[in-house]
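Dear colleague,

I am handing over the structure below and would be glad if you could look through it before reading my notes. The notes that follow go through what was found in it.

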Amino acid sequence: RGYNDECYQLYQRMRSDGIRPNRTTFTFAMKGALYGGQLQRAVELADDMNKVGIKPAEIHLALPLHALCKRLETDKAETYLSSIMLRHQIRSNHVF
């Protein structure tokens, strides 16, 4: 988990120092969280994107979904998919 935690700590430090993260920052922070098994943190990062005025791209929303499917947690994946469709206003005929 070492580097995964460092990735998130760097993100937090950027925020506390007043540096606005961009899409790339969020992508790597989310990947780091997911590689470290911290799904909830990755979902929170996607929500943080909205807070700083960045609309999450499909990749940002798909990363946690992919991680759940990879772990064969299909019930959780379905719940996550339903929640992001509502929170991020995704139509059912979209990429997902």
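**Charges, rings and cysteines**

In this model, which is predicted, the charged end of K31 sits over the ring of F28, at 5.9 Å from the centre of that ring. A second such contact involves R41, whose charged end sits over the ring of Y8, 3.8 Å from the ring centre.

Y8 also belongs to the aromatic pairs, of which a search of the whole structure finds two. In one of them the rings of Y8 and Y11 have their centres 5.8 Å apart and their planes at 35°, and the pair is called tilted because that angle is neither under 30 degrees, as stacking would need, nor over 60, as edge-to-face would need. Both Y8 and Y11 belong to helix 1, which covers residues 2–16, and they are three residues apart there, which is about one turn of the helix. Taken with F26, the residues Y8 and Y11 form a cluster that is linked by ring pairs.

Are these two tyrosines, Y8 and Y11, buried or exposed? Y8 has a relative accessible area of 14% and is therefore buried, and Y11, with a relative accessible area of 4%, is buried as well.

As for the cysteines, the count of disulfides comes to zero. C7 has a relative accessibility of 23% and so counts as partly exposed, while C69, at 39% relative accessibility, is likewise classed as partly exposed.

With kind regards

Technical notes
Residues numbered from 1 in each chain as written. Predicted model: local features only at pLDDT ≥ 70, side-chain atom pairs only at ≥ 80, totals over all residues. Heavy atoms only, no water. Disulfide = S-S within 2.5 Å. Buried < 20%, exposed > 50% of the residue type's maximum accessible area, 1.4 Å probe, protein only. Phe/Tyr/Trp six-rings, centres within 6.5 Å; stacked < 30°, edge-to-face > 60°. Helix = DSSP H or I, 4+ residues; strand = E, 2+ residues; numbered from the N terminus. Lys NZ or Arg CZ within 6 Å of the ring centre and 35° of its normal.
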